[in-house]
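Got the viewer open? Grab your mouse and let's take a walk through this one together.

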Amino acid sequence: MGDDRPTTTPSRAGGPWLIAVDDDPGQLCDVERELRNRYAHDYRVCCLRSGRAALTTLEELAAAGEQVALVLAGEVLSGAPGTGLLGEVRRLFPHAQRVLLVPWGRLGDPGTGDAIFEAIARGRMDHYLVRPSPPPDEQFHRAVSGFLLAWAEARRCAPHTIDVIGETWSGRAYELREVLGRCALPHRFSLAGSDEGRALLAGAGKRRFPLLVMPDGKVMEDPSDTDIARASGTTVEPDGDQYDLVIVGNGPAGLSAGVYGASEGLRTLVVDSGGLGGQATASSSIRNYLGFPRGVTGGDLARRAYEQAWIFGARFAFMQRVTDLRRERERIVVTLAHGGVVAGRAVVLATGASYRRLGVEALEALHGAGVFYGAAASEAPLVSGQEVYVVGGANSAGQAALHLARYARRVTLVVRAATLHAGMSHYLVRQVEATPNVEVRTGAEVVDGGGDGWLEHLVLRRRADGEEETVDAHALFLMIGARPHTEWLPPTVERDPDGFVMTGPDLSDDALRALGRRPMALETSVPGVLAAGDVRHRSVKRVASAVGEGSIAIQLVHRLLAA
Ligand SMILES: Cc1cc2nc3c(=O)[nH]c(=O)nc-3n(C[C@H](O)[C@H](O)[C@H](O)COP(=O)(O)OP(=O)(O)OC[C@H]3O[C@@H](n4cnc5c(N)ncnc54)[C@H](O)[C@@H]3O)c2cc1C
């Protein structure tokens, strides 16, 4: 390895590496002590005293096919910023978590703060961490454990991962991956003919595809969505038919309403046609949600909220599409697609929205085989070293492009508008512009494409003059505007021309007259029915606002029930 020899010898043969690098021997010693004391059983720890030695070592590890899970670097290495080394790590180990170590009390220093902000914005590092204090420093280890989990999730080897084995990428095999994603269940996919697929099949011994190998070893042949939900321990049937509150939708708005409703003593049921977390489960890293300075995956946030609502006593019914609702005297009766009804004294509609389809037949045929709707988080590892296209001009598209750029050779963001600023937050525009392997094509659209079993090419059209160009493409991620899930609602629930639910002051004069009083903020045209989150006309389309509306809805439910 590098000429500046590591200060420690490897602790476990074959495990992934944790690398620490610092000029200051005393500081390095503290970090080494913490890493070895806690992680030496499962990881190999290597500590180095210079950026140059660290880079040489990392290059040698990459050439030898080793895995590096975490690189911790001091702020200054041989007079150069530690972020320079961390920036290089991405090229060698796209999944490795890259963390800058800063001394306690330094964060208030504007120079340090600006350097960290800039390096994260430019994708040169993932996080910062305050140097460990004398042991035990559980805060340090909580952060390190989080980094290691993020690394494992990115490599699809997180605890309790479900293996999906299919004969092709698309069709039911893709649907199953989508279902698992929507249930926030970690999973990985293998083709039956691949080395991993054959190894799994040798153990599973069954042949009806797609096949699932569950974390407890149970093998499921071509299971239904409901079978999967049941096998993973989630409830499918409601535990009764009378509730104070029925929440339709289990995304951030519905989960928040579930937490506040149940914690405030309402007998609460949350029903969802899929699994957990709604659109948020498609997000690889939500960085703008309060309280998660290092970002949080949508799946993680959803799992935490679900647990929280459940602990307060909320009940859940997954894989239950709601097909109708009607008012019957003091109750609102909700019809479930699998049969049966549940009734609540109040209902919160939190059915959100999903991406519009592109409507290009050749590309629809490749759905799941290189063409994905908003599924960047789970499919990203498939695009290592490839040409990737993302269509869309909103935050979700920018975020997907940045996430994919960790793996892909090049990501091209195709945007219909003339500038990125038209639909994307300023901080994301900066990150996109600063990422060398992300190219932006504004004023452009995807009009055709194709491939043999997997996407191979796309046709792009320049909107200004209609000129078309055929480009090689390995994957296409579509994030092109939201369509609300409201087609099932009766006409009595007023909606805008795009289908979003009208609430409060936006209700029509007729609805206001029928109500006979000033409407409450989230109240729909049907008394006792509120709407929260992305499903609402003019909603903000952010996790935080959906969560906020979910909690406000509960205050309004109390007022409705009291009246
Ligand atoms: C890829 C991606 C990245 C994003 N990144 C960010 C980010 O970084 N920061 C941020 O603030 N926001 C982000 N967003 C936006 C954010 O996820 C949404 O604003 C938020 O999820 C809206 O929550 P919601 O509960 O209103 O609806 P949704 O999340 O859409 O959830 C609606 C739920 O209702 C269920 N449902 C629909 N119809 C029915 C029915 N008939 N019966 C039963 N259930 C039904 C659905 O299955 C779904 O689970 C991102 C979105 C995407 C797609």
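Before we click on anything, here is a rule for the tour: two strands pair if DSSP finds at least two bridges between them. Keep in mind as well that you are looking at a predicted model.

**Stop 1: a mixed sheet**

Let's put that rule to work. Select β10 (211-213) and β11 (219-221). These two strands pair in the antiparallel sense, over three bridges. Zoom in on V213 and you'll find V219 of β11 standing opposite.

Now add β8 (162-166) and β9 (187-191) to your selection. Together the four strands form an open sheet, and its order is β9-β8-β10-β11. The pairing in this sheet is mixed. Which strands sit at the edges? That would be β9 and β11, each of which pairs on one side only. On average, neighbouring strands here are turned by 20 degrees against each other, if you ignore direction.

Next, switch on α6 (172-182). This helix lies across β8, β9 and β10, and runs at about 170 degrees to β9.

**Stop 2: two residues with positive phi**

Stay in this part of the chain and click on A184, in the loop between α6 and β9. Its phi is near 55 degrees, which is a positive value in a residue other than glycine. Buried or exposed? A184 has a relative accessible area of 7%, and the cut-off for buried is under 20%, so A184 is buried.

Then jump to H160, in the loop between α5 and β8. H160 isn't a glycine either, yet it has a positive phi of about 60 degrees. The relative accessibility of H160 is 62%, and exposed means over 50%, so H160 counts as exposed.

**Stop 3: two cis peptide bonds**

Show the backbone as sticks and find P135 and P136. The peptide bond from P135 to P136 is cis, with omega near 0 degrees. P136 sits in the loop between β7 (127-130) and α5.

For another one, go to F209 and P210, which are joined by a cis peptide bond with omega at about -10 degrees. You'll find P210 in the loop between α7 (195-204) and β10.

**Stop 4: two helices that cross**

Two packed helices are described by the angle between their axes and the distance between the axes. Select α1 (residues 25-39) and α5 (residues 138-154): they pack at an angle of about 65 degrees, and their axes are 11 Å apart. Their crossing is right-handed.

Want to see who meets whom? From α1, show E34, R38 and Y39; from α5, show E138, F140, H141, V144, S145 and L148. By class, this contact has four nonpolar, two polar and three charged residues.

**Stop 5: an enclosed strand**

Last, head for β21 (residues 410-414). Why is this strand largely enclosed by the rest of the structure? Because four of its five residues are buried.

Now bring in β20 (residues 387-391), which pairs with β21 in the parallel sense over five bridges. Look for R410 in β21, the bridge partner of E387. Trace the chain from β20 through helix α13 (residues 395-405) to β21, and you've followed a right-handed β-α-β crossover.

Keep going to β22 (residues 438-441). β21 and β22 also pair in the parallel sense, over four bridges. The bridge partner of V414 is R441 in β22. Add helix α14 (residues 426-434), and you can see that β21, α14 and β22 make a right-handed β-α-β unit.

Note on methods: Residues numbered from 1 in each chain as written. Predicted model: local features only at pLDDT ≥ 70, side-chain atom pairs only at ≥ 80, totals over all residues. Heavy atoms only, no water. Axes fitted to C-alpha atoms, helices over the stretch in contact; angles between N-to-C directions. Left-handed = near helix turned anticlockwise from the far one by under 90°. Contact = heavy atoms within 4.5 Å. Nonpolar A, V, L, I, M, F, W, Y, C, P; charged D, E, K, R; others polar. Buried < 20%, exposed > 50% of the residue type's maximum accessible area, 1.4 Å probe, protein only. Right-handed = clockwise from strand over helix to strand, strands pointing away.
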